Structures are given as structure tokens and as C-alpha cells.
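Here is a walk through some helices, a few buried charged side chains and a couple of unusual backbone angles. Have the viewer open as you read.

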Amino acid sequence: MEINLEESFQKKIDDEIRIEPRDWMPEKYRKTLLRQISQHAHSEIVGMLPEANWITRAPNLRRKVALLAKVQDEAGHGLYLYSAAETLGMTRDELLEELHSGKAKYSSIFNYPTLSWADMGAIGWLVDGAAIMNQVPLCRVSYGPYARAMVRVCKEESFHQRQGYEIMLTLSNGSEEQKAMAQDALNRWWWPSVMMFGPNDDNSPNSAQSMKWKIKRFSNDDLRQKFIDVSVAQAEILGLTIPDNNLKWNEARGHYDFSTIDWIEFNEVIAGNGPCNKQRLKAIVSAWQNGEWVRDAAVAYAEKQAKKTDNKTIAA
């Protein structure tokens, strides 16, 4: 019977029929989705921190409002994704406990500091650009709640990417000091952004199964190559230089060749030893603890309203 269930499950996926929460699914499929969706949700929440740091220091009101709206969007993305994860049988509190304890991971990119206003441009252009490369295929992921959440997330991420690129364009067309600031941000954010796609395919043991289940549609290396090819052309428009001396167009491959990634740095950041790992986690835990009274008040209010409704029903 188990074999028939798995065969039926795989056939639905092969036929592009989405899996819904009440459908039978292999336990490994459920756990794989939980790991990916929770990491994605955590990344949206932690990702608010590097940018929130610059809301009050943005150069004008327009920039402040746009950055505030972006951070608000990211909070919403986290909530959509936590809701999708909950359909797989894990509560919001359990998901957050794993984040706070360090058991659950989030994207390595959010453990780097934002040192100047130009970093807001680099994050929008590169980090959100890399995220879009990763996330657009997720609109066709095999699990229904995840796919539906990603439709809105991707629409909003596209605005974030444009916002960042516009900041970089403004700086690169400004004074020599402003252009230097933009180049410095590109220098610092380029390689962490390239690392966002995860390990090389040869060192990504779960990729093959995830692609069979259509949790992933493209490999890490394919997405990384696409990101680099697109970014080089965008950097040329900005008049900025990608910080890679080995970057060169390969006519035979039809793609850019690039330097070997520093996987030691990547693994160190993932292990919790990046420039801002401890700072980010402390901020998230502190916000959760300081906001306990708000959650308690919301629950008490909901219970009070429910009691009023029950009393009215009885009286009727």
C-alpha cells in the first residue's frame, strides 16, 4: 500500500497537480518543505534588520518612505510563509523557537553589516535580484500553499529590486564620492550575493530529490550562472566593476566564467561565525521577548470578543 501511495504521489507531481495540506505525502517531502519554507520565512524576518537600520538615516523623505514600505513588505512575506509552513503541522511558536535557538537557519546574506546608504542599493539590486532568481520558480512549486504565497512575494520583490537598482543608478551618476560609495557597496555585497544560491550542485545532497518532487525547478549552479550573466550587463549600465578579475565571457558556453567561490567563508557564516550572526539573532530574540505583552493582549482581546459572540448566540 505504501508503494502505491508513493507512486500515486509522484504521478500527481509529474502531472503538475499540486499537493495540498490534506493530501497524503511522504514524511521526507513534508520535512523537506518545512525546512525550506521555514528557512525562507526566517530569512524574510531577519532580513528586515540590515535595512531597518537605515530608515531614519535615508537621505530624503522619499527614500525613507520607500525603505519603510520595503521592510514592511518583508514582514508580510515572513507571515505568508509561516502560514504556509503551519499547514505542514508545525506551529508558529515551534518555528520561531527553532530560529531563536539557532537550530533553524536563514540566508547567509543577512549576516553582513550595512555600512553605508549605498548598501541599501546593493541589497535591493543584488540580494533581492538573487532572491527573485530563486523565488520565481517557486511560484510553480509542487506544494500549493507555498506556490500561492510566492506569487505575491515575487511581485513585491520585483519592486524591491528596482528600488535598489535605482539607488545604485543615482549614486553612480552622482559625484565621484557617491560613485565610489556605490562601487564599495558592490565590492562588499557581490560574493555574498553569489553565495546565496547555496553550495555547488556536487555538494548539495538534497537537490536531486527536491527537483524530482518539484520543490526546486532549477539547480543551484544554473540559477547562480543566470544571476551572474544578468548582473554583469546591469553593472555595465551603472558604470561599475564586478569585483572578479576572472570574470570573462565564454563564447563556447554562452555564459560568463567566474572565480571560485570562497566556500570556507560561506560555511563559516552558515555555522554562525559571520560578521553579524550573533547580533542578528540577539535582535530577533529580544524583539520576541519584548513583544510578549502585545501577543498576550491580542489573545486576551480575541478571547473576550469570542465570549461576547457566544453570549449573544445563547441569548438569541
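## What buried means, and helix α6

A residue counts as buried when its relative accessible area is under 20%, and as exposed when it is over 50%, with partly exposed in between. Keep in mind that this is a predicted model.

With that cut-off in hand, take α6: 16 of its 18 residues are buried, so the helix is largely enclosed by the rest of the structure. The helix runs over residues 118-135, and at 1.5 Å a residue it should span 26 Å; the C-alpha atoms at its ends are 24 Å apart, which agrees. There is also a bend of about 25° in α6, located at Gly124.

## Helix α8 and its bend

Helix α8 covers residues 176-195, 20 residues in total. The expected span at 1.5 Å a residue is 28 Å, and the end C-alpha atoms sit 30 Å apart, which agrees. Where does α8 bend? The bend is at Trp189, by about 35°, and a proline, Pro192, follows within four residues.

Both Trp189 and Pro192 are on the list of buried residues of α8, which also includes Trp190, Trp191, Ser193, Val194 and Met195. Earlier in the helix, Ala182, Gln183, Ala185 and Leu186 are buried too. As for what they pack against, the buried residues of α8 meet α6, α7, α10 and α11 (263-273).

## Where α7 meets α10

Helix α7 (residues 144-172) and helix α10 (residues 220-238) have axes that come within 9 Å and cross at roughly 35°. On the α7 side, the contact is made by Gln161, Tyr165, Met168, Leu169 and Ser172, while α10 brings Gln234, Ile237 and Leu238. Sorted by type, the residues of this contact come out as five nonpolar, three polar and no charged.

## Two basic residues in α4

Arg63 lies in helix α4, which takes in residues 61-86. Is Arg63 buried or exposed? Its relative accessibility is 10%, so Arg63 counts as buried. Its side chain makes a polar contact of 2.5 Å with the side chain of Glu166, and another, of 3.4 Å, with that of Thr170. Setting aside residues up to four places away in sequence, Arg63 touches Glu166 and Thr170 along with Ala58, Trp117 and Ile167.

Lys70 is in α4 as well. With a relative accessible area of 2%, Lys70 is buried. What is Lys70 in contact with, leaving aside neighbours within four places in sequence? The contacts are Glu51, Ile123, Gly124, Asp128, His160 and Gln163. Gly124 should ring a bell, being the residue where α6 bends.

## Arg224 in α10

Over in helix α10 you'll find Arg224. The relative accessible area of Arg224 is 1%, so this residue is buried. One of the side chain's polar atoms lies 3.0 Å from the backbone oxygen of Val194, itself one of the buried residues of α8.

Not counting residues up to four places away in sequence, Arg224 touches Val194, Met195, Phe197, Gly198, Pro199, Asn200, Phe258, Ile261 and Trp263. For a sense of scale, Arg224 and Glu157 are 67 residues apart along the chain, and their C-alpha atoms are separated by 18 Å.

## His255 in β2

His255 is in strand β2, residues 255-257. At 29% relative accessibility, His255 counts as partly exposed. A polar contact of 2.5 Å joins its side chain to that of Asp229. Asp229 is also among the residues that His255 touches, together with Gln225, Lys248, Trp249 and Asn250, if residues up to four places away in sequence are not counted.

Now compare sequence and space: His255 and Ile314 are 59 residues apart in sequence, and 70 Å apart from C-alpha to C-alpha.

## Positive phi in two loops

Two backbone spots are worth a click. Glu16, in the loop between α1 (2-14) and α2 (27-46), has a phi near 65°, a positive value in a residue other than glycine. Glu16 is partly exposed, with a relative accessible area of 46%.

Lys214 is not a glycine either, yet has a positive phi of about 60°. This lysine lies in the loop between α9 (207-212) and α10. Its relative accessibility is 16%, so Lys214 counts as buried.

Methods
Residues numbered from 1 in each chain as written. Predicted model: local features only at pLDDT ≥ 70, side-chain atom pairs only at ≥ 80, totals over all residues. Heavy atoms only, no water. Expected span 1.5 Å × (residues − 1). Bend = angle between axes of the 7 residues up to and from the residue. Buried < 20%, exposed > 50% of the residue type's maximum accessible area, 1.4 Å probe, protein only. Polar contact = N/O pair within 3.5 Å; in protein donor to acceptor, adjacent residues only side chain to side chain. Contact = heavy atoms within 4.5 Å. Axes fitted to C-alpha atoms, helices over the stretch in contact; angles between N-to-C directions. Nonpolar A, V, L, I, M, F, W, Y, C, P; charged D, E, K, R; others polar.
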